[in-house]
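Me: I should like to learn how the surroundings of a ligand and the layout of a sheet are read from a model. Could we work through both in turn?

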Amino acid sequence: MSLPNPVITIDGPAASGKSSIARLVAQRLGYTYVNTGNMYRAVTWAVLQAGVDPHDADAVRTAAAANVVESPVVDGRTQVCVGGHALSDVELNSDPVNRAVSLVARVPEVRERLVADQRALGAIGPLVMEGRDIGSVVFPGSPHKIYVDASEEVRASRRSAQGHADQVAERDRIDKQRKASPLVIPEGATVIDNSHITLDQAVDQVIAALKLA
Ligand code: CDP
Ligand code: CDP
């Protein structure tokens with residue numbers, strides 16, 4: 001399957017630096033930045049608003065199906081909206097959403113819908129899309145695949161420096177062990193460990209690894 005526009009895929013575990021790196025790579029190249037974690041977070045926010053227990057897969061499936069996530073492009077990046085409400089960073093990164101998001105994201109029907117939405121975004125123009133399964137499942141045909149990593153200690157300390165109480169190791173465990181599209185290093189991806197380098201250095205390494213025309 002050939003893609004209408006280039007898609008740079010960036011995957012990796014929680015708090016590895018994916019969002020920061022993807023945003024800066026997109027800015028440098030003039031591509032649109034898509035944070036797919038925010039799409040799973042938006043569905044999770046809607047599921048929690050509906051009062052659903054995130055461990056109850058059937059109830060999650062029903063509540064998720066009742067809420068469409070829209071992704072309008074604003075200032076070079078996609079926002080996430082549910083029922084016309086543009087979700088703020090505070091809503092997307094709240095403690096309850098952090099605790100529930102990996103439980104919601106392991107439900108296959110939730111993934112099927114969001115993967116279809118993510119593929120549809122490929123039509124809007126060149127993208128940097130970041131998440132867990134972008135190079136392995138969403139755009140496996142892309143020749144531009146990056147896997148961003150950092151040690152567990154570095155990731156936990158970066159997340160707490162951001163002021164979030166986030167069970168990074170627990171989310172990684174669920175994300176790697178789930179049956180539907182687990183977190184893996186995609187075939188053909190360049191692995192960049194940014195435990196001990198700056199964001200700018202990581203961005204330089206990503207751009208150097210990409211074989212863009
Ligand atoms: O930014 P951080 O690494 O903490 O997480 P995120 O990218 O916002 O993703 C939140 C959660 O959504 C992940 O822990 C996964 O459970 C899920 N996710 C996913 O399953 N597939 C994606 N493509 C992106 C996120
Ligand atoms: O998107 P993801 O959860 O993978 O990570 P992030 O939100 O981009 O990065 C987590 C934090 O680590 C942010 O505050 C980044 O500025 C910081 N970071 C850093 O200090 N140095 C790096 N090489 C990468 C990220």
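Reply: Please bear in mind that this model is predicted. A residue counts as near a molecule if one of its heavy atoms lies within 4 Å of it.

Me: How many residues surround ligand 2, and which are the closest?

Reply: The shell around ligand 2 holds 14 residues, the closest being K18, S19, S20, R159 and N194. By class, four of the shell residues are nonpolar, seven polar and three charged.

Me: Which polar contacts does ligand 2 make?

Reply: A polar contact is a pair of N or O atoms within 3.5 Å. In the side chain of K18, an N or O atom is 2.8 Å from an oxygen atom of ligand 2. The side chain of N194 has an N or O atom 2.9 Å from a nitrogen atom of the ligand, and a backbone N or O atom of I197 lies 3.0 Å from a nitrogen atom of ligand 2. Taken alone, ligand 2 exposes 540 Å², of which the protein buries 79%.

Me: Where does ligand 2 sit, and which elements give two or more residues to its shell?

Reply: The site of ligand 2 is the largest pocket. Two or more shell residues come from each of α1 (18-29) and α8 (152-161); α1 gives the largest share, three residues.

Me: What is the strand order of the open sheet of three strands?

Reply: The order is β3-β6-β7, with antiparallel pairing. Because β3 (69-70) and β7 (85-86) each have a single partner strand, they stand at the edges, and one side of each is left without a neighbour in the sheet. Two bridges join β3 to β6 (residues 81-82) in the antiparallel sense; E70 has C81 in β6 as its bridge partner.

Terms used
Residues are numbered from 1 along each chain as its sequence is written. Chains are lettered from A and ligands numbered from 1 in the order in which they are written. This is a predicted model: local features need pLDDT of at least 70, side-chain atom pairs count only at pLDDT 80 or more; totals for chains, interfaces and linings use all residues. Side-chain values use heavy atoms; hydrogens and water are left out. Two strands pair if DSSP finds at least two bridges between them. Helices (H or I, at least four residues) and strands (E, at least two) are DSSP runs, numbered from the N terminus. A polar contact is a pair of N or O atoms within 3.5 Å; within protein, one must be able to donate a hydrogen and the other to accept it, and residues adjacent in sequence count only if both atoms are side-chain atoms. Accessible areas come from the Shrake-Rupley method with a 1.4 Å probe; for residues, only the protein chains shown count as cover. On a 1 Å grid over the protein atoms alone, a cavity is a set of points where a 1.4 Å probe fits but cannot get out, and a pocket is an open set with protein on both sides within 12 Å along at least five of seven lines; lining residues have an atom within 4 Å of a point. A molecule sits in a cavity or pocket if more than half of its atoms lie within 2 Å of its grid points. Ala, Val, Leu, Ile, Met, Phe, Trp, Tyr, Cys and Pro count as nonpolar, Asp, Glu, Lys and Arg as charged, and the others, Gly among them, as polar.
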